[in-house]
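This report is for a reader new to the structure. Please look over the sequence and the model before reading on.

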Amino acid sequence: MYSSGLGSIIEQCETVRRTGRVEQFYGAVLECMGPDAFLGEVCEVFAPHDMASVMAEVVGFRHGRVLLMPLGPVSGIHVGSEVIASGLPASVSVSESMLGKVVNAFGQPLDGSLVESGKLMPLYRPPINPMDRVPANEKLRTGIDVIDAFCSLAKGQRIGIFAGSGVGKSTLLGNIAKRCEADVNVIALIGERGREVIEFIEDNLGPEGLKKSIVVVATADEPALVRLHAAFVATVVAEYFSSCGKDVMLYMDSITRLATAQREIGLAVGEPPTSRGYTPSTFSLLPQITERAGRFKDGGAITALYTVLVEGDDFNEPVSDTVRSILDGHVVLTRQLANQGVYPAIDILESLSRLYKRINDSEHQSFVRQIIKYESIFRESKELIELGAYTEGSDVEIDRAIKVHKSLIKFISEDVGTRTNIKQALRSVLG
């Protein structure tokens, strides 16, 4: 993860070795006296008796001591273990040979195969100059008709998929990856169950989807810093392919587990907990990583989809509220629709694309406004209709709203990606 070959090591190595010693270990943090390291620098911690050394990253300082967080098992580390600073920030080697691979948070294939050494890219970078961006005004077809119709995406847009557990976020993500028009998919599975990784790749993504994808995996049993690195590695890989002029789709499942990992790190280094135990660094991290997507003057585009695991189906909990405010739109999946067998269980009244008007013509917008109007009328009258208190013919608008609602559910539930003309399908929903 931290080198791209012997030549680069020799070029970047330091002639003076900076060392330190482990003094304490608590929770997930090694407290060391020395070395003279910088924040984000990678260090190597040595264990005795020919045991494997452990890579660690500088995550903070306390009372003149260096705080390190290991990137692997700490078995064998003891008080007095030697710590050597590498002089390098956390980086990953990226190349075209990664396409079709499932890699870990260090860019290494999980199937044991080899990838060619490529460009060494740091995980953390300064904010992008907003004047280097290009307006996102070119429509991107996802292959999911309800999204293309009601929450249309533009190349370079960042959007969140919000849902509680078990409502279909990962399945929807896999279907988009298989059907979208992008040149390259970069998929980050952060904090997933180990069982779900192979299921996502085989069942949701499939062989065709994997061919043009790089899947970056950090399962729930990995250290918090490894889960954090996996998200940045996926972002860096997307940036590499974007700089080659390609249209890249970046998927992150889920950004909530990324926030949880940052909360663990923040609490371990002594940050004060705030809302629901999240530390201040959690809320500063979210825009840092999401702002790295977009369209750029000197390259292609990164269109990003971040799933948000809504705790307790509370869409106003801190992470959901923050992510919703910093992205360019949100697709909301509801448990009520999922329980009715509707897939994808997208609530069109709660979902929004901030670039919708920029990329759709007036006719398309007119159809959508009418459908939303009648769906709103239906929901306002739903209780009366279900109780049998409404008599057909009493109100022309409600009568039409009932018909539009039935057509809308059929539109959402039919096989995704089969329609070639979205406007014609919207016209048929209105009847």
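## Disulfides

A disulfide is a covalent bond between the sulfur atoms of two cysteines. Two cysteine sulfur atoms are counted as such a pair when they lie within 2.5 Å. The model shown here is a predicted one, and the number of disulfides in the structure is zero.

Two cysteines illustrate this. For C151, the closest cysteine sulfur belongs to C180 and is 17 Å away, so the distance is too far for a bond. C151 has a relative accessibility of 2% and therefore counts as buried, the limit being under 20%. C244 is likewise in no disulfide; the nearest cysteine sulfur to that residue is the one in C180, at 18 Å. With 41% relative accessibility, C244 counts as partly exposed.

## Overall form

The protein has 431 residues and a radius of gyration of 24 Å. This agrees with a compact globule, because a chain with that number of residues would then have a value near 22 Å. Along the principal axes, the C-alpha atoms fill a box of roughly 85 × 40 × 40 Å.

Its secondary structure consists of 13 helices and 19 strands. Of the contacts between residues at least 6 apart in sequence, 72% join residues at least 24 apart.

## Burial, surface and charge

Buried residues account for 54% of the 431 residues. The protein exposes about 18,900 Å², and 52% of this area is supplied by carbon and sulfur atoms.

There are 44 positive and 54 negative charges, and the mean positions of the two sets are 5 Å apart.

Conventions
Residues are numbered from 1 along each chain as its sequence is written. This is a predicted model: local features need pLDDT of at least 70, side-chain atom pairs count only at pLDDT 80 or more; totals for chains, interfaces and linings use all residues. Side-chain values use heavy atoms; hydrogens and water are left out. Helices (H or I, at least four residues) and strands (E, at least two) are DSSP runs, numbered from the N terminus. The radius of gyration is taken over C-alpha atoms; the globule rule is 2.2 Å times the number of residues to the power 0.38. Buried means under 20% relative accessible area, exposed over 50%, partly exposed in between (1.4 Å probe, protein chains only). Contact means heavy atoms within 4.5 Å. Accessible areas come from the Shrake-Rupley method with a 1.4 Å probe; for residues, only the protein chains shown count as cover. Lys and Arg count as positive and Asp and Glu as negative; His and the chain ends are not counted. The place of a charge is taken as NZ of Lys, CZ of Arg, CG of Asp or CD of Glu.
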